[in-house]
Amino acid sequence: MRSVTIKPPNMEVVSKYHATNEDMLHEQVLVENARKDPEQFKALYNKYYERIFLFVWQRCDDKEVAFDVTSQVFLKAMMNLYKYEFKGVPFASWLYRIAKSEVYTAFRQQQAKRTVNIDTAGLSDMCDDIEEDKYAPYIDILKESVTELEEEDMQFIEMRFFEKRAFKEIADIFGITENNAKVKTYRILEKLKKILIEKKKNKK
(Lines give C-alpha, C1' and ligand atoms only; values in the text may rest on other atoms or scores of the structure.)
Protein backbone atom coordinates (compact mmCIF):
# COMPACT_ATOMS: atom_id res chain seq x y z
CA MET A 1 0.00 0.00 0.00
CA ARG A 2 1.26 3.49 -0.84
CA SER A 3 2.65 5.51 2.04
CA VAL A 4 1.02 8.93 2.26
CA THR A 5 1.68 11.66 4.80
CA ILE A 6 -0.98 14.29 5.46
CA LYS A 7 0.14 17.72 6.59
CA PRO A 8 -1.58 21.11 6.72
CA PRO A 9 -0.44 23.64 4.13
CA ASN A 10 2.40 25.81 5.45
CA MET A 11 3.23 27.80 2.37
CA GLU A 12 1.48 30.16 0.00
CA VAL A 13 0.41 28.74 -3.35
CA VAL A 14 0.89 31.14 -6.22
CA SER A 15 -1.41 30.61 -9.17
CA LYS A 16 0.15 31.16 -12.56
CA TYR A 17 -3.05 32.89 -13.66
CA HIS A 18 -2.15 35.84 -11.48
CA ALA A 19 -0.14 36.94 -14.51
CA THR A 20 -1.29 39.77 -16.75
CA ASN A 21 -1.00 39.83 -20.54
CA GLU A 22 1.87 42.26 -20.10
CA ASP A 23 3.61 39.79 -17.78
CA MET A 24 3.23 37.01 -20.33
CA LEU A 25 4.58 39.17 -23.15
CA HIS A 26 7.58 40.02 -21.00
CA GLU A 27 8.32 36.38 -20.18
CA GLN A 28 8.11 35.46 -23.85
CA VAL A 29 10.95 37.90 -24.40
CA LEU A 30 12.86 36.05 -21.67
CA VAL A 31 12.15 32.72 -23.38
CA GLU A 32 13.34 33.97 -26.76
CA ASN A 33 16.48 35.41 -25.18
CA ALA A 34 17.18 32.06 -23.49
CA ARG A 35 16.71 30.21 -26.76
CA LYS A 36 19.33 32.39 -28.39
CA ASP A 37 21.70 32.35 -25.43
CA PRO A 38 21.45 29.60 -22.75
CA GLU A 39 23.09 31.95 -20.26
CA GLN A 40 19.88 34.01 -20.39
CA PHE A 41 17.90 31.06 -18.99
CA LYS A 42 18.95 32.30 -15.56
CA ALA A 43 16.25 34.99 -15.74
CA LEU A 44 13.54 32.32 -16.10
CA TYR A 45 15.15 30.22 -13.38
CA ASN A 46 15.14 33.15 -10.94
CA LYS A 47 11.56 34.08 -11.82
CA TYR A 48 10.06 30.63 -11.32
CA TYR A 49 12.36 28.67 -9.01
CA GLU A 50 10.50 29.40 -5.77
CA ARG A 51 7.02 28.50 -6.99
CA ILE A 52 8.20 25.30 -8.70
CA PHE A 53 10.12 24.29 -5.58
CA LEU A 54 7.00 24.86 -3.43
CA PHE A 55 4.91 22.84 -5.89
CA VAL A 56 7.35 19.92 -5.55
CA TRP A 57 7.88 20.23 -1.80
CA GLN A 58 4.13 20.24 -1.16
CA ARG A 59 4.07 16.71 -2.57
CA CYS A 60 7.21 15.30 -0.95
CA ASP A 61 8.12 14.52 2.63
CA ASP A 62 11.81 15.29 2.08
CA LYS A 63 13.11 18.81 1.49
CA GLU A 64 16.40 17.58 0.00
CA VAL A 65 14.51 15.46 -2.52
CA ALA A 66 12.43 18.52 -3.37
CA PHE A 67 15.61 20.48 -4.07
CA ASP A 68 16.93 17.67 -6.29
CA VAL A 69 13.66 17.30 -8.19
CA THR A 70 13.39 21.04 -8.73
CA SER A 71 16.92 21.17 -10.11
CA GLN A 72 16.01 18.37 -12.51
CA VAL A 73 12.91 20.28 -13.60
CA PHE A 74 14.92 23.33 -14.62
CA LEU A 75 17.63 21.25 -16.25
CA LYS A 76 15.03 19.53 -18.44
CA ALA A 77 13.33 22.84 -19.14
CA MET A 78 16.59 24.38 -20.30
CA MET A 79 17.48 21.37 -22.46
CA ASN A 80 14.02 21.27 -24.05
CA LEU A 81 13.28 24.97 -24.34
CA TYR A 82 13.27 24.66 -28.12
CA LYS A 83 10.11 22.50 -27.80
CA TYR A 84 8.18 25.08 -25.82
CA GLU A 85 5.25 26.77 -27.58
CA PHE A 86 3.41 29.78 -26.27
CA LYS A 87 -0.31 28.91 -25.93
CA GLY A 88 -1.63 32.08 -24.36
CA VAL A 89 -0.90 31.05 -20.78
CA PRO A 90 2.10 31.81 -18.57
CA PHE A 91 5.35 29.92 -19.00
CA ALA A 92 4.91 28.44 -15.52
CA SER A 93 2.32 25.95 -16.79
CA TRP A 94 4.98 24.25 -18.90
CA LEU A 95 7.30 24.08 -15.87
CA TYR A 96 4.52 22.67 -13.69
CA ARG A 97 3.95 19.95 -16.28
CA ILE A 98 7.61 18.97 -16.15
CA ALA A 99 7.55 19.15 -12.35
CA LYS A 100 4.51 16.87 -12.17
CA SER A 101 6.34 14.26 -14.24
CA GLU A 102 9.51 14.51 -12.16
CA VAL A 103 7.54 14.16 -8.91
CA TYR A 104 5.95 10.97 -10.25
CA THR A 105 9.42 9.65 -11.07
CA ALA A 106 10.65 10.40 -7.54
CA PHE A 107 7.73 8.45 -6.08
CA ARG A 108 8.29 5.49 -8.41
CA GLN A 109 11.95 5.40 -7.47
CA GLN A 110 10.94 5.66 -3.79
CA GLN A 111 13.08 8.74 -3.26
CA ALA A 112 10.29 10.25 -1.19
CA LYS A 113 6.90 9.45 0.30
CA ARG A 114 3.77 11.15 -1.01
CA THR A 115 2.59 14.12 1.01
CA VAL A 116 -0.90 15.53 0.76
CA ASN A 117 -1.44 19.09 1.97
CA ILE A 118 -4.94 19.25 3.35
CA ASP A 119 -6.86 22.13 4.89
CA THR A 120 -10.36 22.31 6.32
CA ALA A 121 -11.51 24.92 3.82
CA GLY A 122 -10.56 22.64 0.92
CA LEU A 123 -12.39 19.70 2.48
CA SER A 124 -15.48 21.86 3.02
CA ASP A 125 -15.38 22.93 -0.62
CA MET A 126 -15.26 19.27 -1.61
CA CYS A 127 -18.35 18.57 0.49
CA ASP A 128 -20.11 21.44 -1.31
CA ASP A 129 -19.12 20.08 -4.71
CA ILE A 130 -20.23 16.57 -3.75
CA GLU A 131 -23.49 18.36 -2.89
CA GLU A 132 -24.05 16.39 0.25
CA ASP A 133 -24.20 18.48 3.43
CA LYS A 134 -24.52 15.27 5.42
CA TYR A 135 -20.85 14.54 4.71
CA ALA A 136 -19.66 17.69 6.49
CA PRO A 137 -19.41 15.97 9.92
CA TYR A 138 -17.19 13.31 8.38
CA ILE A 139 -14.24 15.53 7.50
CA ASP A 140 -11.72 13.10 9.02
CA ILE A 141 -13.10 10.22 6.94
CA LEU A 142 -13.04 12.42 3.84
CA LYS A 143 -9.40 13.21 4.58
CA GLU A 144 -8.62 9.48 4.68
CA SER A 145 -10.61 8.90 1.49
CA VAL A 146 -8.55 11.44 -0.46
CA THR A 147 -5.36 9.50 0.23
CA GLU A 148 -6.87 6.36 -1.34
CA LEU A 149 -7.22 7.97 -4.76
CA GLU A 150 -4.88 7.13 -7.61
CA GLU A 151 -1.94 9.51 -7.95
CA GLU A 152 -3.30 11.53 -10.88
CA ASP A 153 -6.74 11.78 -9.29
CA MET A 154 -5.14 13.01 -6.09
CA GLN A 155 -3.24 15.63 -8.09
CA PHE A 156 -6.52 16.92 -9.53
CA ILE A 157 -8.10 17.16 -6.08
CA GLU A 158 -5.00 18.84 -4.65
CA MET A 159 -4.80 21.44 -7.39
CA ARG A 160 -8.52 22.19 -7.45
CA PHE A 161 -9.45 22.19 -3.77
CA PHE A 162 -6.27 22.72 -1.76
CA GLU A 163 -4.26 24.89 -4.13
CA LYS A 164 -7.35 26.69 -5.45
CA ARG A 165 -6.25 26.50 -9.09
CA ALA A 166 -8.69 27.36 -11.88
CA PHE A 167 -9.85 24.60 -14.23
CA LYS A 168 -8.06 26.36 -17.08
CA GLU A 169 -4.80 26.19 -15.16
CA ILE A 170 -5.26 22.53 -14.22
CA ALA A 171 -6.10 21.69 -17.81
CA ASP A 172 -2.94 23.35 -19.05
CA ILE A 173 -0.75 21.51 -16.53
CA PHE A 174 -2.26 18.14 -17.50
CA GLY A 175 -2.30 18.91 -21.22
CA ILE A 176 -6.08 18.52 -21.62
CA THR A 177 -8.99 20.82 -22.44
CA GLU A 178 -10.67 22.90 -19.77
CA ASN A 179 -13.92 20.97 -20.28
CA ASN A 180 -12.10 17.65 -19.83
CA ALA A 181 -10.58 18.95 -16.60
CA LYS A 182 -14.08 19.76 -15.31
CA VAL A 183 -15.45 16.36 -16.33
CA LYS A 184 -12.50 14.51 -14.81
CA THR A 185 -12.83 16.42 -11.54
CA TYR A 186 -16.55 15.55 -11.38
CA ARG A 187 -15.77 11.87 -11.93
CA ILE A 188 -13.09 11.93 -9.23
CA LEU A 189 -15.57 13.48 -6.81
CA GLU A 190 -18.04 10.72 -7.59
CA LYS A 191 -15.33 8.15 -6.95
CA LEU A 192 -14.44 9.92 -3.71
CA LYS A 193 -18.09 9.95 -2.68
CA LYS A 194 -18.27 6.15 -3.08
CA ILE A 195 -15.12 5.68 -0.98
CA LEU A 196 -16.54 7.99 1.67
CA ILE A 197 -19.89 6.16 1.79
CA GLU A 198 -18.11 2.82 2.22
CA LYS A 199 -15.93 4.18 5.01
CA LYS A 200 -18.96 5.61 6.79
CA LYS A 201 -20.59 2.16 6.71
CA ASN A 202 -17.49 0.55 8.17
CA LYS A 203 -17.35 3.11 10.97
CA LYS A 204 -20.82 2.13 12.20
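1. Let's start with the aromatic rings. Phe-41, Tyr-45, Tyr-49, Phe-53, Trp-57, Phe-67 and Phe-74 are joined into a cluster by ring pairs. Keep in mind as you look that this is a predicted model. Across the structure, the count of aromatic pairs comes to 13.

2. Now zoom in on one pair from that cluster. Tyr-45 and Tyr-49 sit 5.1 Å apart, centre to centre, with 40° between their planes, and this pair is tilted. Both residues belong to helix 2 (residues 41-57), where they are 4 residues apart, about one turn of the helix. Tyr-45 is partly exposed, because its relative accessibility is 33%.

3. Tyr-49 has another partner. Its ring centre lies 5.9 Å from that of Phe-74 and the planes are at 25°, so this pair counts as stacked. Tyr-49 is in helix 2 while Phe-74 is in helix 3, so the pair ties together parts that are 25 residues apart in sequence. Are these two residues buried or exposed? Both Tyr-49 and Phe-74 are buried.

4. Stay with helix 3 for a moment, which covers residues 63-79 and holds Leu-75. Together with Met-78 and Met-79, Leu-75 makes a nonpolar surface patch of about 280 Å². Leu-75 has a relative accessible area of 40%, so it is partly exposed; a patch residue needs over 30%.

5. Next to Leu-75 in the numbering comes Lys-76, whose side chain meets that of Glu-102 in a salt bridge, 2.8 Å from N to O. Which parts of the chain does this pair tie together? Lys-76 lies in helix 3 and Glu-102 in helix 4, so the link is between parts 26 residues apart in sequence. The two ends differ in cover: Lys-76 is partly exposed, with a relative accessible area of 34%, whereas Glu-102 is buried at 10%.

6. Asp-153 is worth a look, since two lysines reach it. Lys-184 forms a salt bridge with Asp-153, the closest N and O atoms being 3.5 Å apart. Lys-184 is in helix 9 (residues 178-203) and Asp-153 is in helix 7 (residues 151-162), so parts 31 residues apart in sequence are tied together. Lys-191 also meets Asp-153 in a salt bridge, here at 2.7 Å, N to O. That pair again links distant parts of the chain, with Lys-191 in helix 9 and Asp-153 in helix 7, 38 residues apart.

7. How is that trio covered? Asp-153 counts as buried, at 5% relative accessibility. Lys-184 is partly exposed at 26%, and Lys-191 is partly exposed at 38%.

8. For the wider charge picture, the structure has 12 salt bridges by the rule used here. There is also a network of salt bridges that links Arg-59, Arg-114, Glu-151, Glu-158, Glu-163, Arg-165 and Glu-169.

9. Finally, the inside. How many residues does the largest nonpolar core have? It has 61, and Ile-52, Val-56, Phe-91, Met-126 and Ile-157 are those with the most contacts inside it. Helix 4 (residues 92-108) gives the largest share of this core, 10 residues. To see one of these residues up close, pick Ile-157: leaving out residues up to four places away in sequence, it touches Met-126, Val-146, Leu-149, Phe-162, Ile-188 and Leu-189.

Conventions
Residues numbered from 1 in each chain as written. Predicted model: local features only at pLDDT ≥ 70, side-chain atom pairs only at ≥ 80, totals over all residues. Heavy atoms only, no water. Patch = residues over 30% accessible without salt bridge, like charges linked within 9 Å, V, L, I, M, F, W, Y side chains within 5 Å. Areas by Shrake-Rupley, 256 points an atom, 1.4 Å probe, with all protein chains shown as cover. Salt bridge = Lys/Arg side-chain N within 4 Å of Asp/Glu carboxyl O. Helix = DSSP H or I, 4+ residues; strand = E, 2+ residues; numbered from the N terminus. Buried < 20%, exposed > 50% of the residue type's maximum accessible area, 1.4 Å probe, protein only. Core = buried A, V, L, I, M, F, W, Y, C linked by side-chain atoms within 4.5 Å. Contact = heavy atoms within 4.5 Å. Phe/Tyr/Trp six-rings, centres within 6.5 Å; stacked < 30°, edge-to-face > 60°.
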